[in-house]
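I opened my notebook to look at how two chains meet and how some helices pack. Here is the structure I had on screen.

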Number of protein chains: 2
Amino acid sequence: MSKLVFESTIRGGEDVSVLKIQREMAEVFADLADLFGNPASLGSIYGLLFASPEPLSMEEIVERLDISTGTASQGLRRLVEMQAILPQKEDGDRVTRYGAKLELRPFVAMFLNQQLLPRLEHSSSRIAELQSRLADLTPPTRRVLETRLERASKWHHRAKTFLPLIRRFLG
Amino acid sequence: MSKLVFESTIRGGEDVSVLKIQREMAEVFADLADLFGNPASLGSIYGLLFASPEPLSMEEIVERLDISTGTASQGLRRLVEMQAILPQKEDGDRVTRYGAKLELRPFVAMFLNQQLLPRLEHSSSRIAELQSRLADLTPPTRRVLETRLERASKWHHRAKTFLPLIRRFLG
DNA sequence: AATTCATTTCATTTTGAATTGAAAAACATC
DNA sequence: GATGTTTTTCAATTCAAAATGAAATGAATT
């Protein structure tokens with residue numbers, strides 16, 4: 001029995017159960033990434049690093065997740081950009097290793113600032129532009145659309161004032 | 001000049017500027033739908049109805065948005081399901097006509113209840129399951145993963161307690 | 001400066017979600 | 001119940017986004 005534990009525990013300096021957990025965390029984060037409109041591979045990589053006590057090299061990531069070097073390279077780049085992971089090159093080290101930052105903030109900020117806000121701004125201004133064109137319309141239609149566009153405009157305003165709140169709460 | 005206004009105003013009982021505005025509202029809502037992981041066509045349809053004083057038949061929707069009957073049929077079904085639009089069949093009427101409901105709530109509720117919550121629940125429980133497996137691990141690794149999974153678990157908890165707040169604020 | 005290994009780039013391929021459209025079904029009308 | 005019309009269904013297609021992997025680049029080492 002202790003033999004069994006031993007066998008299932010050590011494998012190339014790594015614990016087999018840890019590898020399983022890491023792969024599952026990769027899946028969990030892949031789902032979450034997808035939920036927020038990001039490629040699942042981004043999530044996988046982050047999840048793996050999140051569940052890895054030591055930082056990992058790209059090669060290790062590639063083999064543990066069974067993804068291509070291209071996907072890994074681009075995914076790592078984006079994660080570094082969004083400050084979700086930290087690249088670290090020890091002095092005598094040939095490779096760069098990546099460690100997960102453990103805060104939510106990068107993700108929340110990324111989602112709010114890069115996805116939500118710009119698109120809300122955009123549709124906001126399109127609606128405003130449409131409102132300025134209502135004057136041309138015949139009265140009965142005009143009145144209906146005035147109230148409706150006004151309503152849509154208020155939604156946007158509310159949503160935008162709500163964003164900082166989310167950031168403060170989750171970030 | 002009044003001739004110009006007249007010409008650009010009446011066309012088959014409909015105002016040409018209204019059609020343009022409707023098409024643009026369809027685009028605006030298509031973007032928003034996409035943002036929340038829904039097919040853009042859903043948004044288009046809703047946007048058109050939102051900007052239409054009178055309810056529209058499927059046929060009218062198909063031709064104004066230039067989409068297929070299949071897309072229209074399925075999109076209408078989903079919008080009715082999520083209570084974003086209202087089907088109405090007048091007594092002497094051959095076709096069903098659809099009118100937009102003007103509240104945000106259906107969308108917010110749909111997104112929160114059908115997309116966010118279930119997936120948060122799912123990853124939550126996967127993480128909980130992983131936590132129960134940590135006991136097998138060798139101590140140093142175990143301690144690290146304990147704190148990290150605990151952290152991920154707290155994120156989920158926070159996010160879940162946050163949802164009702166969003167609903168109340170936007171819904 | 002030549003070699004080796006890590007990383008990036010990017011043209012191609014894969015994948016999967018959304019859309020199409022034709023056929024079937026449902027529905028209304030005579 | 002036969003006819004004409006609207007709506008649904010679903011196999012096939014389309015298409016954009018993601019993934020691949022081989023070649024180019026870059027960096028360290030001898």
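These entries go from the interface as a whole to single pairs and then to helix packing.

**Entry 1: the model.** I noted before anything else that this is a predicted model.

**Entry 2: the interface as a whole.** I looked up the contact between the two chains and found 55 residues of chain A touching 54 residues of chain B. The size of an interface is often given as the accessible area lost when the parts come together, and I took that value next. About 5,200 Å² is buried between chain A and chain B, with carbon and sulfur atoms giving 70% of it.

**Entry 3: polar pairs and who supplies them.** I then counted residue pairs in polar contact between chain A and chain B, both at pLDDT 80 or more, and got 14. Which elements of chain A give two or more residues to the side that touches chain B? I listed helix H2 (16-35), helix H3 (40-50), helix H6 (105-131) and helix H7 (139-170). H7(A) gives the most, with 16 residues. By class, this side of chain A has 31 nonpolar, ten polar and 14 charged residues.

**Entry 4: salt bridges.** Side chains of opposite charge can pair when their charged atoms come close. Over all chains I found 18 salt bridges in the structure. How many lie across the interface of chain A and chain B? The rule finds eight there. I wrote down two pairs by name. A:Asp34 and B:Arg119 form a salt bridge, with the closest N and O atoms 2.8 Å apart. This pair runs between chains, from helix H2 of chain A to helix H6 (residues 105-131) of chain B. B:Arg126 and A:Glu27 also meet through their side chains in a salt bridge, at 2.8 Å from N to O.

**Entry 5: H6(A) against H2(B).** I checked the axes of H6(A) and helix H2 (residues 16-35) of chain B, which come within 10 Å and cross at roughly 170°. H6(A) and H2(B) are therefore roughly antiparallel. The contact includes A:Leu116, A:Arg119, A:Leu120 and A:Ile127 of H6(A), and among its residues in H2(B) are B:Ile21, B:Met25, B:Val28 and B:Asp31. I sorted the residues of this contact into nine nonpolar, three polar and seven charged.

**Entry 6: a packing inside chain A.** How are H3(A) and helix H5 (residues 69-81) of chain A angled? I read about 75°, with the axes 9 Å apart. That makes H3(A) roughly perpendicular to H5(A). A:Ser41, A:Leu42, A:Ile45 and A:Tyr46 of H3(A) meet residues of H5(A) including A:Ala72, A:Gly75, A:Leu76 and A:Leu79. My tally for this contact is six nonpolar, three polar and one charged.

Definitions and conventions
Residues numbered from 1 in each chain as written. Chains lettered and ligands numbered in written order. Heavy atoms only, no water. Contact = heavy atoms within 4.5 Å. Buried area = accessible area lost by both parts, 1.4 Å probe. Salt bridge = Lys/Arg side-chain N within 4 Å of Asp/Glu carboxyl O. Polar contact = N/O pair within 3.5 Å; in protein donor to acceptor, adjacent residues only side chain to side chain. Helix = DSSP H or I, 4+ residues; strand = E, 2+ residues; numbered from the N terminus. Nonpolar A, V, L, I, M, F, W, Y, C, P; charged D, E, K, R; others polar. Axes fitted to C-alpha atoms, helices over the stretch in contact; angles between N-to-C directions. Parallel < 35°, antiparallel > 145°, perpendicular 65-115°, else oblique.
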